[in-house]
Amino acid sequence: MLIHERLSLTPCCANQKSYGLIRLSFPANPSTVKVSYMGMPVYPESFTLSGYPIFSEEMTDLYLWKDYQRLHHDIDDDNDATIFDVMYEKMEFNIPKYMFDSTDGIRKSLKSLAAFHEMLNHRKLWTLNNKEKKLKEFVVYGKYILDSLGQILLIKYFDCEYTMPDVCTLEYFRENVKTFGTTYHPPIPKSNSACPCCGKKFSISDLKKTDFGLVNGKIAHESCRKTYYHAKEINEMTSKLVDRVYGDCPDFDLLPNGYCNQNCCAHIPWFRFHTSDGDIIIGCRKRVISIEWQEDFKPFDMAIFNGENVTKWCENFSHIPTSINHGVLTTTGKRGIHAWGRENAIKYLKKVHNAVAKK
């Protein structure tokens, strides 16, 4: 049966890509979807798994700009919003349920990434077509939960003394694992895709043995992701920060992360720079860059930072007021400040470098 709906375009963003989406009332067969605007055909760029039409960022912009002009400048004000006519047929789903909702069916999908994604898609499509019903729940490789709504969750940790089977029910998993944490929408590589850092193609064995992360919105091996952001941090702190203040590009030692030593941050180093003025320890905290001039650094007065409403400290004085009189605090020993952003960090480093150069 052909369905006719009049719907608006929704702007969306995923994996650093903007696009437009028309949300239909029912899952659609993409080959039957026809979209028009004011009687003229409009061509989707692609379709979602449920058959919703997707439009490019540029096409979406054109219609959103048109909406803005209509609403705010009384242009073409005979319509309240950009409305599309969509004609489509409902999606027919006739895949046998045991293929994606049984231990054996899911185990068979582990022959390749393509087969695994096909099984996941079948679970999603089934829930779209059976909104009042629920799927059985399973755990794959002791890492991924396939929930009753067709979603996949990553198991972040658990306390289990033995290896879990490749596929088991969630009930079995809970009987053997008392404590575990999860997160939604884990990155799972597609078939024939490759890690952007090492170039190696992903396989189903990676799903079992490897963790994944995102590098610039692209799925990568977690170890590769950490290597990439470790190297990026070194480049950011040298060529884009300290080397812009000290033209001789001072040597440095890598230090453990001074803010967080957990697995999420341990690969991001802090630095001890050996500058011509003395040593400086620099590292990123959650929102700021920590800068601490060390004991061997040339004397300077922290009063040069009067007016900077940020955290400041020196030996035996952990919190320096926004404004202090010159000569009140020691001009030697460890002295530090938090900078909001790289440009402020450069400004503070230059301020101190210039101050000690005048003496």
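Here is a short walk through a few spots in this structure, which is a predicted model.

Let's start with helix H1, which covers residues 57–73 and holds tryptophan 65. Is this tryptophan buried or exposed? With a relative accessibility of 54%, tryptophan 65 counts as exposed, because the cut-off for that label is over 50%. Tryptophan 65 also has nonpolar company out there: together with Leu62 and Leu64, Trp65 makes up a nonpolar patch on the surface. The accessible area of the three adds up to about 320 Å².

Now hop over to helix H3, residues 113–129, where you'll find threonine 127. Here the picture flips: threonine 127 has a relative accessibility of 14%, so this residue counts as buried, the limit being under 20%. What does threonine 127 touch, once residues up to four places away in sequence are set aside? Its contacts are Leu135, Ser148, Leu149 and Gly150.

Last stop: some strands further along the chain. Strand E17 (residues 270–275) pairs with strand E16 (residues 251–255) through five bridges, and the two run antiparallel. To see that pairing for yourself, look at phenylalanine 252, whose bridge partner in E17 is phenylalanine 273. E17 is also joined to strand E18 (residues 278–284), again antiparallel and again by five bridges. In this pairing, phenylalanine 271 sits opposite isoleucine 282 of E18. How many residues lie between E17 and E18? Just two, and the pair forms a hairpin. When you look at the side chains here, keep in mind that in a regular strand they alternate between the two faces of the sheet.

Technical notes: Residues numbered from 1 in each chain as written. Predicted model: local features only at pLDDT ≥ 70, side-chain atom pairs only at ≥ 80, totals over all residues. Heavy atoms only, no water. Helix = DSSP H or I, 4+ residues; strand = E, 2+ residues; numbered from the N terminus. Buried < 20%, exposed > 50% of the residue type's maximum accessible area, 1.4 Å probe, protein only. Contact = heavy atoms within 4.5 Å. Patch = residues over 30% accessible without salt bridge, like charges linked within 9 Å, V, L, I, M, F, W, Y side chains within 5 Å. Areas by Shrake-Rupley, 256 points an atom, 1.4 Å probe, with all protein chains shown as cover. Salt bridge = Lys/Arg side-chain N within 4 Å of Asp/Glu carboxyl O. Pairing = 2+ DSSP bridges.
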